[in-house]
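User: Hi! I am new to protein structures and would like to learn how to read one. Could you guide me through it?

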Amino acid sequence: MIAIQTTEKKLNMKGKHFLTLADFSSDEIKGLVTKAQKMKNASYTGEDPKPLQGKILGMIFEKSSTRTRVSFEAGMLQLGGHALYLNSNDLQLGRGESIADTAKVLSHYVDAIMIRTFSHQKIEELSLHATIPVINGLTDLYHPCQALADLLTIQEKKGSLTGQKLCYVGDGNNVAHSLMIASAKVGMDVTIASPAGYEPNEAITKMAKEFAAASGSKIVITNDPFEGVKGADAIYTDVWTSMGQEKENEQRKKVFSNFQVNEELVRHSKDDFTFLHCLPAHRGEEVSAEIIDGPQSAVFQQAGNRLHVQKALLSEIL
């Protein structure tokens with residue numbers, strides 16, 4: 001791991017919702033990554049070692065989870081707080097209670113809400129009616145907490161973010177959207193290589209390109225994975241079929257068959273590329289076992305970093 005120099009700035013994020021990285025400045029995003037790095041290295045010297053003593057995070061899950069649930073729950077406990085697991089089927093949401101009423105009620109009980117759900121509109125409505133911070137644990141449109149962990153991992157592996165080239169190979173999904181925004185905000189080049197018809201959302205791509213123009217980085221969308229990985233410092237992929245798309249699974253396997261990250265593809269990148277995957281992974285589909293289990297894979301370091309960025313985020317907004 002490369003040693004990096006970090007300087008911490010006052011972020012002033014207390015009480016803010018965390019729905020998409022588009023809502024935050026480059027300094028705020030870099031500041032969260034810096035704070036996460038310090039917390040991970042046990043060099044964080046805040047006045048209170050348990051800054052969230054007495055704080056409660058309500059966690060609503062409409063999608064199953066390993067990394068999101070455990071990292072948020074462990075993070076709250078390590079910071080002195082508590083987390084409540086709230087399956088949507090166990091709440092009155094499962095019986096038709098409105099998002100607005102749920103937000104207003106939970107605002108009386110907990111200090112923040114983290115939700116992992118399908119529709120991004122749902123989390124926007126929740127944040128509109130909640131009087132406490134709402135954190136996006138994942139929607140079909142964005143995965144901002146994952147992108148923070150991705151930035152931390154790349155910074156650890158490469159020593160900096162600015163000037164690095166990241167290539168994402170696969171479905172232009174929520175992970176790709178948040179990666180584009182995160183990369184553009186911090187000055188990192190990103191190429192998205194997707195099959196025709198599976199490119200990222202056009203409006204989000206346009207927005208990310210505007211952020212990239214401001215930071216001096218660039219975003220490229222291509223249908224050629226071999227062209228996409230040329231000169232890449234990091235190669236990233238995700239499952240071809242996300243939750244809620246199971247009926248498309250066989251069709252997607254055919255469409256994405258030439259987009260597997262394997263030894264043939266990575267020969268076109270830099271020799272010292274880092275492989276990333278948000279997990280869970282399907283070996284033999286989006287990535288070969290030789291790559292994900294090989295020496296240049298950082299997927300478990302990346303997964304572990306979910307804990308540290310979650311702690312940084314929670315300590316700032318609470």
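User: Let me start with a small detail: which residue stands opposite Ile235 in β8?

Analyst: Happy to help, and please keep in mind that this is a predicted model. The general idea comes first: strands of a sheet pair through backbone hydrogen bonds, either parallel or antiparallel. In this case, the residue opposite Ile235 of β8 is Cys167. Strand β5 (residues 165-169) and strand β8 (residues 234-237) run parallel, and four bridges join them.

User: In what order do the strands of that open sheet lie?

Analyst: Reading across it, you meet β7-β6-β5-β8-β9, five strands with parallel pairing. At the edges are β7 (219-222) and β9 (274-277), each of which pairs on one side only. From one strand to the next, the twist averages 20°. A helix also packs on this sheet: α12 (residues 299-317) touches β8 and β9, and its direction makes about 50° with that of β9.

User: What is the order of the open sheet of four strands?

Analyst: There the order is β2-β1-β3-β4, and the pairing is parallel. The strands that pair on one side only are β2 (82-87) and β4 (134-138), the edge strands. Here the twist averages 20° from one strand to the next. For a look inside the sheet, take β1 (residues 56-61) and β3 (residues 112-116): these run parallel and are joined by five bridges. Gly58, for example, has Ile113 in β3 as its bridge partner.

User: Now for empty space. How much space lies in the largest pocket?

Analyst: The general idea is that rolling a probe the size of a water molecule over the atoms shows where empty space is left. For the largest pocket, the space comes to about 550 Å³.

User: Which residues lie nearest the centre of that pocket?

Analyst: Of the 29 residues that line the largest pocket, Arg116, Leu138, Val239, Ser242 and Met243 lie nearest its centre. Helices α2 (67-78) and α6 (174-186) are the elements that give two or more residues to this lining. By residue type, the lining has eight nonpolar, 14 polar and seven charged residues.

User: You named Leu138 there. What is its phi, and is Leu138 buried or exposed?

Analyst: Leu138 has a positive phi of about 160°, although it is not a glycine. You will find Leu138 in strand β4. Its relative accessibility is 7%, and because buried means under 20%, Leu138 counts as buried.

User: Where is Leu279, and what is its phi?

Analyst: Leu279 sits in the loop between β9 and α11. Its phi is positive, about 65°, although Leu279 is not a glycine. With a relative accessible area of 14%, Leu279 is buried.

User: What kind of peptide bond joins Leu279 and Pro280?

Analyst: A cis peptide bond, with omega at about 5°. Pro280 also has its place in the loop between β9 and α11 (289-292).

User: One last residue, please: what does Thr205 touch?

Analyst: Leaving aside residues up to four places away in sequence, Thr205 touches Met180, Pro200 and Ile221. Thr205 belongs to helix α7 (residues 202-215). With a relative accessible area of 8%, Thr205 is buried.

Notes
Residues numbered from 1 in each chain as written. Predicted model: local features only at pLDDT ≥ 70, side-chain atom pairs only at ≥ 80, totals over all residues. Heavy atoms only, no water. Pairing = 2+ DSSP bridges. Axes fitted to C-alpha atoms, helices over the stretch in contact; angles between N-to-C directions. 1 Å grid on protein atoms, 1.4 Å probe; cavity = no way out; pocket = protein on both sides within 12 Å on 5 of 7 lines; lining within 4 Å. Points joined across faces, edges and corners; volume = space filled by probe spheres on them. Nonpolar A, V, L, I, M, F, W, Y, C, P; charged D, E, K, R; others polar. Contact = heavy atoms within 4.5 Å. Buried < 20%, exposed > 50% of the residue type's maximum accessible area, 1.4 Å probe, protein only.
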